[in-house]
Amino acid sequence: MKTFQKQIALKPKSRGFHLVTSEIEDQFPEIGEIQQGIFQAFIKHTSAGLTINENADPTVREDFESHINKMVPENQPYYHHTFEGSDDMPAHIKASLMGTSVQIPVTNGRLNLGTWQGIYLCEHRNYGGSRKLVLTLMGS
């Protein structure tokens, strides 16, 4: 059994849902060394998340952003954590809803995603900056 772990930084993204599958794969070529195993990506932030969804039609990502903003609006009078800006507390809630990690099987040196699946960075801040991920890979 082989184990690899690496911290990477994603390029800064604007607020929204962004496909980052290729960016992750490019920074973690060790995936190619595993015939059968499991890959995990964990984001080290509390105002951004990770999820897996549609990788072909960009309107899906736009709809995610529109819907989550309606679910968790900014400038609510009951928010107490407001000193970092109006997008900060909603970003924390959204990140908890989306989650901090994804796990994907690895088969024959590739992430075994479905035909229409990709890894999303869910950026909930207007100016989130570069996001750090810890990537872990185990298998043989």
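Axes here are lines fitted to C-alpha atoms, for helices over the stretch in contact, and angles run from 0 to 180 degrees between N-to-C directions. This is a predicted model, in which local features need pLDDT of at least 70 and side-chain atom pairs count only at pLDDT 80 or more, while totals for chains, interfaces and linings use all residues. Residues are numbered from 1 along each chain as its sequence is written, and side-chain values use heavy atoms, with hydrogens and water left out.

**View 1. Helix H3 lies across strands S2, S4 and S7.** Helices (H or I, at least four residues) and strands (E, at least two) are DSSP runs, numbered from the N terminus. H3 runs at about 45 degrees to S4. Look along residues 88-98 for the buried members of this helix: Asp88, Pro90, Ala91, His92, Lys94, Ala95 and Met98. Buried means under 20% relative accessible area, exposed over 50%, and partly exposed in between (1.4 Å probe, protein chains only). These buried residues pack against strand S2 (16-19), strand S4 (48-54), helix H2 (58-71) and strand S7 (117-123); contact means heavy atoms within 4.5 Å. Just after H3 comes glycine 99, with a positive phi near 105 degrees.

**View 2. Strands S2, S7 and S4 make an open sheet, in that order.** The pairing is antiparallel, and two strands pair if DSSP finds at least two bridges between them. S2 and S4 take the edge positions with a single partner strand each, so one side of each has no neighbour in the sheet. Neighbouring strands are turned by 35 degrees against each other on average, direction ignored. Helix H2 packs on this sheet and touches S2, S4 and S7, its direction making about 150 degrees with that of S2. Four bridges link S2 and S7 in the antiparallel sense, and here glycine 16 has glutamate 123 of S7 as its bridge partner. On the other pairing, S4 and S7 are joined antiparallel over seven bridges, with glutamate 54 opposite glutamine 117 in S7. Strand S4 is mostly covered, five of its seven residues being buried.

**View 3. Histidine 18 sits in strand S2.** At 17% relative accessibility, histidine 18 counts as buried. Which residues is histidine 18 in contact with, leaving aside its neighbours within four places in sequence? They are Lys13, Arg61, Ile119, Tyr120, Leu121 and Glu123.

**View 4. Phe17, Phe64 and Tyr120 form one aromatic cluster.** A pair of aromatic rings is described by the distance of the centres and the angle of the planes. Rings of Phe, Tyr and Trp (its six-membered ring) pair if their centres lie within 6.5 Å; planes under 30 degrees apart count as stacked, over 60 as edge-to-face and the rest as tilted. By this rule there are five aromatic pairs. In one of them, the ring centres of phenylalanine 17 and phenylalanine 64 are 5.1 Å apart with the planes at 40 degrees, so the pair is tilted. Phenylalanine 17 belongs to strand S2 and phenylalanine 64 to helix H2, so this pair ties together parts that are 47 residues apart in sequence. Phenylalanine 17 is buried at 5% relative accessibility, whereas phenylalanine 64 is partly exposed at 23%.

**View 5. The rings of tyrosine 78 and tyrosine 79 form an edge-to-face pair.** Their centres are 5.1 Å apart and their planes lie at 75 degrees, so the pair earns that label. Is each tyrosine buried or exposed? Tyrosine 78 is exposed at 53% relative accessibility, while tyrosine 79 is buried with a relative accessible area of 12%.

**View 6. Five strands form an open antiparallel sheet in the order S1-S8-S3-S5-S6.** The edges belong to strand S1 (2-10) and strand S6 (110-111); each has a single partner strand, so one side of each is left without a neighbour in the sheet. S1 and strand S8 (residues 131-139) run antiparallel and are joined by nine bridges. If you follow this pairing, you will find glutamine 5 opposite threonine 136 in S8.

**View 7. Asparagine 75 is in the loop between H2 and H3.** Asparagine 75 is exposed, with a relative accessible area of 59%. Its C-alpha atom is separated by 33 Å from that of isoleucine 8, and the two residues are 67 residues apart along the chain.
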